[in-house]
Amino acid sequence: MNLILFGAPGVGKGTQSALLVEKLDMRHISTGDLFRNAIKNETELGKKAKEFMDAGNLVPDEVTIGLVEEVLKNLNGQSFILDGFPRTTAQADALDGLLEKIGAPLDRVISFQVPESELVSRLTGRRVCKGCGAVYHIASKPPQQDGVCDVCGKAEVVQRKDDQEDVIKVRLENYENSTRPVKEFYQNKGQFTEIDGTGSADEVFERVQKVLG
Ligand code: AP5
Ligand code: MG
Ligand code: ZN
């Protein structure tokens, strides 16, 4: 089963992907995570992505599509969850071609709906582990010990640079202008299901499982 998890910044794509890969043998492909790793490792890709990400803008399509192509080419038949890609109609078009090339059809696009005020509080309160990438929230999911990761035990639970309120605003604008049209692209293909992304992460996961049967 091959999936796209779709929705605005903070809607819970990463959280739901993590719950899915716990249950199913699927590869989680988050372009945001791949870019952040590249920046951490100071690779060429990281250099290309950094200024865009820090400002809350989209990384250019050619860079992003090239990255996803590399990952998909090396899947060797493993099922995948795309998280944060495609984010423009050009990326969606390119993905169609890439999937055809590797013979991996898309089964479903699940889109999450969360009111903007809640997106902002989810994003401003998010904390992430610099070591293993585990995701926390100061109110809904704090680490057991302040600033220390429950998963890997490192004391490196920090705020993402683009989770500052002024950058969040830019990211939400970019979602409206560039990413929302991707919804229509998949709605027209009939592979699209929208679900309510509010309530606890477990409640949302129940809804995801219902969609997937
Ligand atoms: P990316 O990392 O993909 O960021 P995003 O799309 O803005 O989404 P987030 O990761 O912020 O949110 P999420 O939906 O994963 O929510 P999460 O589960 O963490 O992209 C970052 C940047 O990279 C972009 O701005 C761009 O520059 C670049 N980029 C990436 N892909 C690109 C592309 N395709 N093209 C061009 N550029 C690209 O949850 C958020 C918080 O809420 C957490 O604290 C979590 O604990 C909490 N939470 C989750 N679910 C719930 C719940 N049900 N109830 C309460 N709290 C919850
Ligand atoms: Mg994410
Ligand atoms: Zn950790």
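This briefing walks through a zinc site, a ligand shell and one strand residue. The structure is a predicted model, so please read each value below as computed from that model. In short, four cysteines hold a zinc ion (ligand 3) as its protein donors, while 34 residues surround ligand 1. Phe80, in strand β3, rounds off the tour.

**The zinc site**

- Start with the zinc ion (ligand 3): its protein donors are the SG atoms of Cys129, Cys132, Cys149 and Cys152, which lie 2.3 Å from the ion.
- Along the chain, these donors are spaced as C-x2-C-x16-C-x2-C.
- The arrangement around the zinc ion (ligand 3) is tetrahedral because the four donor atoms subtend angles of 101 to 116°, and the label requires all angles to lie between 85 and 135 degrees.
- Two of the donors can be described by their exposure: Cys129 has a relative accessible area of 4% and is therefore buried, since buried means under 20%.
- Cys132 has a relative accessibility of 40%, so it counts as partly exposed, a class that runs between the 20% and 50% limits.

**The shell around ligand 1**

- Of the 34 residues around ligand 1, the ones that come nearest are Thr15, Asn57, Arg87, Arg126 and Arg171.
- Sorted by class, this shell has 14 polar, 12 nonpolar and eight charged residues.

**Contacts and cover of ligand 1**

- Gly14 takes part through its backbone, where a polar atom is 2.9 Å from an oxygen atom of ligand 1.
- Arg36 uses its side chain instead: an N or O atom there is 2.8 Å from an oxygen atom of ligand 1.
- For Arg171, a polar side-chain atom lies 2.6 Å from an oxygen atom of ligand 1.
- The protein buries 96% of the 1,000 Å² that ligand 1 exposes when taken alone.
- Five elements give two or more residues to the shell around ligand 1, namely the helices α1 (13-23), α2 (31-40), α6 (116-125) and α8 (201-212), together with strand β6 (135-137).
- Helix α2 supplies the largest share of that shell, with four residues.

**A buried strand residue**

- Phe80 belongs to strand β3, which covers residues 79-83.
- With a relative accessibility of 1%, Phe80 counts as buried, because the cut-off is under 20%.
- Phe80 and Asp25 are 55 residues apart along the chain, and their C-alpha atoms are separated by 8.6 Å.

Conventions. Residues numbered from 1 in each chain as written. Chains lettered and ligands numbered in written order. Predicted model: local features only at pLDDT ≥ 70, side-chain atom pairs only at ≥ 80, totals over all residues. Heavy atoms only, no water. Donors = N, O, S within 2.8 Å, 3.2 Å for Na, K, Ca; no water. Tetrahedral: all angles 85-135°; square planar, octahedral: opposite > 155°, others 65-115°. Buried < 20%, exposed > 50% of the residue type's maximum accessible area, 1.4 Å probe, protein only. Near = heavy atom within 4 Å. Polar contact = N/O pair within 3.5 Å; in protein donor to acceptor, adjacent residues only side chain to side chain. Areas by Shrake-Rupley, 256 points an atom, 1.4 Å probe, with all protein chains shown as cover. Nonpolar A, V, L, I, M, F, W, Y, C, P; charged D, E, K, R; others polar.
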